[in-house]
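Reader: I would like to go through this model step by step, beginning with one helix and then turning to a pocket. Could you take my questions in that order?

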Amino acid sequence: MKYELPKLPYAYDALEPFIDARTMEIHHTKHHATYVAKLNDALTLFPEFTGKTIEDLLTSLHLINETIRTAVRNHGGGHYNHSLFWKIMAPPSSRNGGTSEGTGGGEPKGKIAEAIAQAFGNFSNFKEDFTKAAATLFGSGWAWLTLDAAGKLEIRTTQNQDSPLSQGERPILGLDVWEHAYYVKYLWNRPEYVKNWWNIINWKQVEENFKAAIK
Ligand code: MN3
């Protein structure tokens, strides 16, 4: 059984104008697809890992044969992180100042809203801290909202395609800050990309992730 590139839950142009269609298409069909292909390639050498979920592989990297451990960490991490990333975004609810069918953006509601307020004081503190972490991370990597082993919400960053799962934490929300995620539209201006990304967060899915993590 091979890992497969998941379909996006929306069209490539659905996150416009905040993430452009060309970036989304390249990101999905080239970058993410390559992580999946290279993960499958690595695992052909060790069929005993066949049938494990991607979460299983990443939470116990130490159990994976050294020959392929780095490949699983990088490409398996890439597959998992991007699969989460696509789902926690949705078409913006306000586009070009008008209205659209989308549900992305705004502020969280329900349990995740309460938990964020409890952990960070209020939503705007959280937004500010997360934005800073994402904008200032040196090199390629991800910014995360995670649930740590003690059940506490934390803002984290990881390098490359490292997943919080491999560090004993559950990712709830993640932002890809590799240049490939924004360079076509934003060039060097990562802070502008990070600022605009708040318009397309799918808070419903973030709450689903949170509920699954606290179980
Ligand atoms: Mn990426």
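Reader: Which residues of H1 are buried?

Author: The model is a predicted one, and in it helix H1 covers residues 21-43. A residue counts as buried when its relative accessible area is under 20%. In H1, the buried residues are Thr23, Met24, His27, His28, His32, Tyr35, Val36, Leu39, Asn40, Ala42 and Leu43.

Reader: Against which elements do the buried residues of H1 pack?

Author: The residues in question include Tyr35 and Leu39, both buried in H1. The buried residues of H1 have as their packing partners helix H2 (54-59), helix H3 (66-87), strand S3 (170-176) and helix H6 (183-186).

Reader: On which residue is the kink in H1 centred?

Author: From its first C-alpha to its last, H1 reaches 32 Å, which is close to the 33 Å expected at 1.5 Å a residue. There is nevertheless a kink of about 35 degrees in this helix, and its centre is histidine 27.

Reader: Which element gives the most to the lining of the largest pocket?

Author: The largest pocket has a volume of about 310 Å³ and is lined by 15 residues. Two or more lining residues come from each of H2, H3, S3 and helix H8 (203-214). With five residues, the element that gives the most is H8.

Reader: Is asparagine 209 buried or exposed?

Author: Asparagine 209 lies in helix H8 and is among the lining residues nearest the centre of the largest pocket. Its contacts, leaving aside residues up to four places away in sequence, are Leu84, Ile88, Pro171 and Ile172. Because its relative accessibility is 15%, and the limit is under 20%, asparagine 209 counts as buried.

Key:
Residues numbered from 1 in each chain as written. Predicted model: local features only at pLDDT ≥ 70, side-chain atom pairs only at ≥ 80, totals over all residues. Heavy atoms only, no water. Helix = DSSP H or I, 4+ residues; strand = E, 2+ residues; numbered from the N terminus. Expected span 1.5 Å × (residues − 1). Bend = angle between axes of the 7 residues up to and from the residue. Buried < 20%, exposed > 50% of the residue type's maximum accessible area, 1.4 Å probe, protein only. Contact = heavy atoms within 4.5 Å. 1 Å grid on protein atoms, 1.4 Å probe; cavity = no way out; pocket = protein on both sides within 12 Å on 5 of 7 lines; lining within 4 Å. Points joined across faces, edges and corners; volume = space filled by probe spheres on them.
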